[in-house]
Amino acid sequence: MPFEALDLSRLQPVLPSPLQPVEDGRFARHGVRLLLKRDDLIHPDLPGNKWRKLSLNLRAAAGRTVLTFGGAYSNHLRATAAAGRLLGFRTVGVVRGDELADRPLNPSLAQCAADGMTLHFMDRATYRAKGDPAVLAGLLSAFGECCVIPEGGSNSLAAQGCTELGRELRGRAGTVAVACGTGGTLAGLAAGLAPGQRALGVPVLRGGFLGEAVRELQREAFGGPAGSWSLDERFHFGGYARTTPALHAFADDFEQRHGLPVERLYVAKLLYALTELAGEGAFPAGTTVAAVVTGSPQAASDSSR
């Protein structure tokens with residue numbers, strides 16, 4: 001397929017994404033201004049960091065089959081499948097858990113299949129070793145020449161794609177915060193911000209591994225450290241895809257206050273973290289904080305950011 005067929009601009013993304021001020025007394029009483037960077041509005045099928053992480057990867061694929069990985073509810077798989085349908089290239093989704101092969105497809109995987117994605121269910125032990133050359137060789141033998149994109153889409157091209165998010169926010173906020181899964185969005189965001197700005201990552205998984213992952217992504221994408229960034233590991237609410245009644249109550253309240261549907265697994269944890277940090281005095285009076293809204297609750301998430 002010719003390169004021109006993968007011109008993503010013909011999908012008419014909303015770029016730069018809107019920057020929405022929010023009047024919230026929990027921030028205002030500390031002299032902090034809150035902005036929402038509405039990346040969830042970029043594109044209905046490739047929203048938020050999915051667009052930013054996939055765009056350069058898809059251009060590099062240049063029409064070849066794209067093979068990638070995800071869990072049973074992966075937003076990343078769903079976005080990749082939608083891109084294949086919209087731009088006319090073949091997609092293969094390697095799904096964690098071979099026990100799913102004999103079950104009816106859940107709505108997320110059913111949408112992937114409807115968009116033309118070939119689903120390949122892999123046992124969990126092999127899936128954990130998905131980066132092993134022998135495992136990859138077996139997949140390429142089964143599906144032919146493919147462009148392989150890692151789980152969650154986080155690689156050097158994804159980090160480079162996310163630098164545009166930082167550039168769109170230059171001069172708009174002192175701190176820009178984002179929920180993190182695999183670290184690709186944070187790695188690129190920090191690199192795109194101007195000197196004097198900082199990126200704050202709120203991991204939604206526990207384990208303390210994300211700092212090294214971000215550093216490695218920046219080494220691969222930019223040759224070394226890029227921009228100012230930090231992590232606050234306190235707000236994962238139990239780990240990957242975990243929530244609590246307190247988190248849901250907070251998200252319900254935020255929705256009622258501001259009329260914004262709040263995705264629970266990433267965005268709610270980010271907004272909760274920022275509210276707590278404001279109360280702790282982590283942001284000096286006069287600070288503007290921008291929160292990146294990376295997804296919507298319509299896409300119940302198993303994806304990585």
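Student: What percentage of the 305 residues of the protein chain count as buried?
Tutor: This is a predicted model, and the count covers the whole protein chain of 305 residues. A residue counts as buried when its relative accessible area is under 20%. The share that meets this is 54%.

Student: Is N57 buried or exposed?
Tutor: N57 sits in helix 2, which spans residues 48-61. Beyond its neighbours within four places in sequence, N57 is in contact with C147, I149, G153, N155, L157 and A158. The cut-off for buried is under 20%. The relative accessibility of N57 is 3%, so N57 counts as buried.

Student: How compact is the protein chain for its length of 305 residues?
Tutor: The protein chain has 11 helices and 10 strands. Its radius of gyration is 19 Å, close to the 19 Å given by the globule rule for 305 residues, so the protein chain is as compact as a globular protein of that length.

Student: What box do the C-alpha atoms of the protein chain fill?
Tutor: The box is taken along the principal axes. Its dimensions are roughly 60 × 40 × 35 Å.

Student: Which strands stand at the edges of the open sheet of four strands?
Tutor: The four strands are ordered 5-4-3-6, with parallel pairing. An edge strand has a single partner strand, so one side of it is left without a neighbour in the sheet. The strands in that position are strand 5 (118-122) and strand 6 (146-148).

Student: Which residue of strand 5 is the bridge partner of V95?
Tutor: Strand 4 (residues 91-96) and strand 5 run parallel and are joined by five bridges. In strand 5, the partner of V95 is F121.

Student: What angle does the direction of helix 6 make with that of strand 5?
Tutor: Helix 6 (residues 133-143) packs on the sheet. There it touches strand 3 (65-70), strand 4, strand 5 and strand 6. Its direction and that of strand 5 make an angle of about 145°.

Student: At what angle do helix 7 and helix 9 pack, and which class has four residues in their contact?
Tutor: Helix 7 (residues 156-168) and helix 9 (residues 210-222) have axes 8 Å apart and pack at about 85°. That makes helix 7 roughly perpendicular to helix 9. S156, A159, Q160 and T163 of helix 7 meet L217, E220, A221 and F222 of helix 9. By class the contact has one charged and three polar residues, and the four others are nonpolar.

Methods
Residues numbered from 1 in each chain as written. Predicted model: local features only at pLDDT ≥ 70, side-chain atom pairs only at ≥ 80, totals over all residues. Heavy atoms only, no water. Axes fitted to C-alpha atoms, helices over the stretch in contact; angles between N-to-C directions. Helix = DSSP H or I, 4+ residues; strand = E, 2+ residues; numbered from the N terminus. Parallel < 35°, antiparallel > 145°, perpendicular 65-115°, else oblique. Contact = heavy atoms within 4.5 Å. Nonpolar A, V, L, I, M, F, W, Y, C, P; charged D, E, K, R; others polar. Pairing = 2+ DSSP bridges. Rg over C-alpha atoms; globule rule 2.2 N^0.38 Å. Buried < 20%, exposed > 50% of the residue type's maximum accessible area, 1.4 Å probe, protein only.
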